[in-house]
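Work through these exercises with the structure in view. Try each task before reading its solution.

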Amino acid sequence: MDWLETLGLALALLLVLEGLLPLLAPGLWRQLFTQLMQLRDGQLRFCGLLCIAAGAIMLMLL
């Protein structure tokens, strides 16, 4: 399996997981999205940094 195929599979899995919450609980998804809209830019950047760090650590462990 080459890296392009692996990247495609990872992105496909990401889309499936991202779509579960709006499919199963649209009201909760809307509420969470509204709360995200109220965060300041610095808070959103910090959340993004944490996600990147967690993903990088997971990649290193796999």
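**Exercise 1: An aromatic pair**

Task: Find how many aromatic pairs a search of the whole structure gives, and classify the geometry.

Solution:
- Step 1. The model is a predicted one. A search through the whole structure turns up one aromatic pair.
- Step 2. The partners are Trp-29 and Phe-33, with ring centres 5.5 Å apart.
- Step 3. Their planes meet at 15°. Planes under 30 degrees apart count as stacked, so the pair of Trp-29 and Phe-33 is stacked.
- Step 4. Place the pair in the chain. Trp-29 and Phe-33 lie four residues apart in helix H2, so about one helical turn separates them.
- Step 5. Check accessibility. Partly exposed is the class between 20% and 50%. Trp-29 has 38% relative accessibility, so it counts as partly exposed. Phe-33, at 43%, also counts as partly exposed.

**Exercise 2: Two helices in contact**

Task: Describe how helix H1 packs with helix H2, and which residues make the contact.

Solution:
- Step 1. Two packed helices are described by the angle between their axes and the distance between the axes.
- Step 2. H1 spans residues 3-24 and H2 spans residues 26-37. The angle is about 115°, and the axes are 5 Å apart.
- Step 3. The class for 65 to 115 degrees is roughly perpendicular, so H1 is roughly perpendicular to H2.
- Step 4. H1 contributes Leu-21, Pro-22, Leu-23 and Leu-24 to the contact. H2 contributes Pro-26, Leu-28, Trp-29 and Leu-32.
- Step 5. Sort them by class. The contact has eight nonpolar residues, no polar and no charged ones.

**Exercise 3: The whole chain**

Task: State which pattern the protein chain follows, and whether it is spread out or compact.

Solution:
- Step 1. The protein chain has three helices and zero strands. Its pattern along the sequence is α-α-α.
- Step 2. The radius of gyration is 15 Å, well over the 11 Å that the globule rule gives for 62 residues, so the chain is more spread out than a compact globule.
- Step 3. Along the principal axes, the C-alpha atoms fill a box of roughly 40 × 30 × 15 Å.
- Step 4. Buried residues account for 0% of the 62 residues.

Terms used: Residues numbered from 1 in each chain as written. Predicted model: local features only at pLDDT ≥ 70, side-chain atom pairs only at ≥ 80, totals over all residues. Heavy atoms only, no water. Axes fitted to C-alpha atoms, helices over the stretch in contact; angles between N-to-C directions. Parallel < 35°, antiparallel > 145°, perpendicular 65-115°, else oblique. Contact = heavy atoms within 4.5 Å. Nonpolar A, V, L, I, M, F, W, Y, C, P; charged D, E, K, R; others polar. Phe/Tyr/Trp six-rings, centres within 6.5 Å; stacked < 30°, edge-to-face > 60°. Buried < 20%, exposed > 50% of the residue type's maximum accessible area, 1.4 Å probe, protein only. Rg over C-alpha atoms; globule rule 2.2 N^0.38 Å.
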